[in-house]
Amino acid sequence: MAREASAVDAVRRFAAALHEMRGRLLADLFPVADIADLLAAVRSRRQLPRQGITSSGIEYTVHGAGCRMVSSDGREVDVDLVTDPVLGREVEAFDACRIRWFLDEAAKDGYSHEDIVAACTHLAGEGHLREVVEGRWFTLPDASGGPA
């Protein structure tokens, strides 16, 4: 039980960091509205470089299907655009691997993949996260990932 509670707390730390860094990134890159818009600004419109550092110190790298963000204190979060079957559009999502990377706990003494998925599922059940693809992809409840 204590291990499950600590995994939930660990996922909460990731979610808080993602919320903070995403918010700072988008505020600094205004009028970029979300991560989907950032990818378009880099790839289609060629308005922004693939990698950069914002005025508030968020380092970003646009990659394959998403974006990695690193704060000035070294915290790192990563999201991909994933099709939400319920909404029928892409949303900014993360999986257990991205959370474990943030926690820097891929070593044997860290939380297992199963611990993190269980914690995410628990938090989704409480409304703190939303499960996009069962047992795999999760999102913040307020991260739209694109126009409705």
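How many residues lie between S2 and S3 in the hairpin that they form? In this predicted model, the two strands are joined with 2 residues between them. The hairpin is a convenient place to begin a tour of the sheet, before turning to the helix that packs on it and to the nonpolar cores.

S2 (59–63) and S3 (66–70) run antiparallel to each other and are paired over 5 bridges. Within this pairing, Thr61 faces Arg68 of S3, while His63 is found opposite Gly66, also in S3. Gly66 has a bridge partner in S4 as well, namely Asp80. S3 and S4 (76–84) are likewise antiparallel, with 5 bridges between them. These two strands make a hairpin too, here with 5 residues in between, and Gly74 in its turn adopts a positive phi of about 95 degrees. S3 is mostly covered, with 4 of its 5 residues buried.

Taken as a whole, the sheet is open and contains 5 strands, arranged in the order S1-S2-S3-S4-S5 with antiparallel pairing. Its edges are formed by S1 (51–53) and S5 (89–93); each has a single partner strand, so one side of each lacks a neighbour in the sheet. On average, and ignoring direction, neighbouring strands are turned by 20 degrees against each other. Helix H2 packs on this sheet, where it touches S2, S3, S4 and S5, and the direction of H2 makes about 75 degrees with that of S2.

What, then, do helices and strands contribute to the interior? The largest nonpolar core holds 41 residues, and the members that touch the most others are Ile35, Leu38, Met69 and Leu129. At least two residues of this core come from each of the helices H1 (2–28), H2 (35–43), H3 (96–103) and H4 (113–125), and likewise from each of the strands S2, S3 and S4. H1 gives the most, supplying 11 residues.

Ile35 offers a closer look at this packing. With its neighbours within four places in sequence set aside, Ile35 is in contact with Leu25, Cys67, Met69, Val79, Leu81 and Glu92. Several elements meet around this side of the model: Leu25 falls within the span of H1 (2–28), Cys67 and Met69 within S3 (66–70), and Val79 and Leu81 within S4 (76–84). Glu92, for its part, belongs to the edge strand S5 (89–93).

A second core is separate from the one just described; it has 5 residues, among them Val91, Ala93, Val132 and Trp137. Of these, Val91 and Ala93 lie in the range of S5 (89–93).

Conventions. Residues numbered from 1 in each chain as written. Predicted model: local features only at pLDDT ≥ 70, side-chain atom pairs only at ≥ 80, totals over all residues. Heavy atoms only, no water. Core = buried A, V, L, I, M, F, W, Y, C linked by side-chain atoms within 4.5 Å. Buried < 20%, exposed > 50% of the residue type's maximum accessible area, 1.4 Å probe, protein only. Contact = heavy atoms within 4.5 Å. Pairing = 2+ DSSP bridges. Axes fitted to C-alpha atoms, helices over the stretch in contact; angles between N-to-C directions.
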